[in-house]
Amino acid sequence: MTANANGSSRSGAGDRSRRADAFCDYTIRSSRPFVVPDAARDVRFAENPFVTGSNRIRFYAGVPLEIEPGLRLGSLCGLDQVPRRLGADVRGLLDRLARCAVERLLQSEDRYLLSRIDPGRLDRAKADKAALAIAEEALAQGLFVLHYQPKIALDTGRRVGFEALLRLKKPDGSVLGPATFAAALHDPILSRRIGSHVLKSAVAQAQAWETAGVDFGHIAVNVSSSQFIAFPGSPCLVDEILAATRSAGLSPRHIQIEVTEGVMLSEQGGDIGVQLEALRAAGFIVAFDDFGTGFASLVHLKEFAYDQIKIDGSFVRAMTAANADYAIVKAIIDMAMALGKKVVAEGVETVTEFHALRELGCHYGQGFFFGRPVGASDVRFFPA
């Protein structure tokens, strides 16, 4: 069975069916793979004509063909007449095959399909493809580096740690920000590899500072949703973090884990919560990053496993000029304190913002007012 352009489908016998009956209709609603281990036991498909009829489909696995976020032209899928469990390695293979199909489409510029896409979207898709190639090259040639931005205790002005921020250092010495390779940070395979590189680099830097007797506090690293997915033969994120820190002889207090709303609210959110709780039990601090920019609700604030809330810089930069943004920042700080959580304000750029946040009881801040992100060799430590 293959999905066609208008969303209807054809069975092996050539008869047309409703789009609502097509497994692929579920696939193209999301940017993630869609898997049905046993259709006969799935309430969505138990009475489906492709399951009860002559096709007798029991297993389905599909990956959307997405040329840019939200723009999906179809799906790559596999079917079987017996139930199956799909391992993470096969999921990864389907992802790669889907990307190959999309790349082939963009290379050949299929006139029928691409005629339905406006030039702007096609240009963005090609830009994303170029970004993936840049990231692949950066990983292969060791061009990804970390810059460190200080995090300050607002009540004392003392530096308590750093956030590790990913940069790409070109051979000529110039440094590029994440906008250059942003598409790679959303790619399920590349983002996992990049995340592992960031973790290893941050742990190595923390070990170097610890060995040198430097009181650096902690290094916070961002983790992506792909890093929480368990692949056969590879450690889960918890084991990877524990192995890296223990091998370096580091205390968990030296490495903090930051997770955005998008990651916490992703489809594997339940498993992510379990892993974050395991990290907290091992002594690591978990921060809920970019709070206020996504779809997290008050219920999520109560349910998720975390220790700190990071207020997105867009609210901080507007809080001294707009009453609504000030009220939002105050509400977040008040809620966090009521829940027993610490608060970090991102994007602090002026002395006015600094004083306003301190008066509201915000615990920590980071931003250009305290220091720009710099390479490890440019970080300056002063005697206490």
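**Exercise 1: strand S7 and its partners**

State in which sense S7 and strand S16 (residues 374–375) pair, and over how many bridges.

Solution.
- Step 1. S7 and S16 pair in the antiparallel sense, over two bridges. Strands pair if DSSP finds at least two bridges between them. Strands (E, at least two residues) and helices (H or I, at least four) are DSSP runs, numbered from the N terminus.
- Step 2. Note the ground rules. This is a predicted model, in which local features need pLDDT of at least 70, side-chain atom pairs count only at pLDDT 80 or more, and totals for chains, interfaces and linings use all residues. Residues are numbered from 1 along each chain as its sequence is written, and side-chain values use heavy atoms, with hydrogens and water left out.
- Step 3. Locate a residue pair. Val374 in S16 stands opposite Tyr148.
- Step 4. Turn to strand S8 (residues 159–169). Nine bridges join S8 to S7, and the two run antiparallel. Here Tyr148 has Ala164 as its bridge partner.
- Step 5. Look at the hairpin of S7 and S8. Five residues lie between the strands, and Gly157 takes a positive phi near 80°.
- Step 6. Add strand S15 (residues 364–365). S15 also pairs with S7 in the antiparallel sense, over two bridges. Tyr364 in S15 is the bridge partner of Ala153.
- Step 7. Check burial. Buried means under 20% relative accessible area, exposed over 50%, and partly exposed in between (1.4 Å probe, protein chains only). Nine of the ten residues of S7 (residues 144–153) are buried, so S7 is largely enclosed by the rest of the structure.

**Exercise 2: the nonpolar cores**

Find which residues have the most contacts inside the largest nonpolar core.

Solution.
- Step 1. Fix the term. A nonpolar core is a set of buried Ala, Val, Leu, Ile, Met, Phe, Trp, Tyr and Cys residues joined through side-chain atoms within 4.5 Å.
- Step 2. Read off the core. The largest one has 71 residues, and Ile219, Val221, Leu276 and Leu357 have the most contacts inside it.
- Step 3. Name the main contributor. Helix H6 (residues 190–211) gives the most to this core, with eight residues.
- Step 4. Set a second core beside it. This other core lies apart and has twelve residues, among them Val63, Leu65, Leu94 and Ala98.
- Step 5. Follow Val221. Leaving aside neighbours within four places in sequence, Val221 is in contact (heavy atoms within 4.5 Å) with residues including Ala164, Val198, Leu199 and Ala202.

**Exercise 3: helices H6 and H7**

Decide whether Ser196 is buried or exposed.

Solution.
- Step 1. Place the residue. Ser196 is found in helix H6.
- Step 2. Check the area. Ser196 has a relative accessible area of 16%, so it is buried.
- Step 3. List the contacts. Not counting residues up to four places away in sequence, Ser196 touches Gln227 and Glu240.
- Step 4. Move to helix H7 (residues 237–247). Glu240 is buried there, and so are Leu237, Val238, Ile241, Leu242, Ala244 and Thr245.
- Step 5. See what follows H7. Gly249 comes just after the helix and takes a positive phi of about 70°.

**Exercise 4: Tyr60 and Arg56**

Find which of the terms buried or exposed fits Tyr60, and which fits Arg56.

Solution.
- Step 1. Tyr60 lies in strand S5 (residues 59–68). Its relative accessibility is 0%, so Tyr60 counts as buried.
- Step 2. Arg56 lies in the loop between helix H2 (49–52) and S5. At 53% relative accessibility, Arg56 counts as exposed.
- Step 3. Check the backbone. Phi of Arg56 is near 50°, a positive value in a residue other than glycine.
- Step 4. Return to Tyr60. Phe23, Tyr26, Phe34, Phe45 and Tyr60 form one aromatic cluster. Rings of Phe, Tyr and Trp (its six-membered ring) pair if their centres lie within 6.5 Å; planes under 30 degrees apart count as stacked, over 60 as edge-to-face and the rest as tilted.

**Exercise 5: confidence**

State the mean pLDDT of the protein.

Solution.
- Step 1. pLDDT is the predictor's confidence in each residue, from 0 to 100. The mean for the protein is 84, and 84% of its residues reach 70 or more.
- Step 2. Find a weak stretch. Over residues 1–15 the pLDDT is below 50.
- Step 3. Read with care. Where pLDDT is low, the predicted coordinates should not be read in detail.
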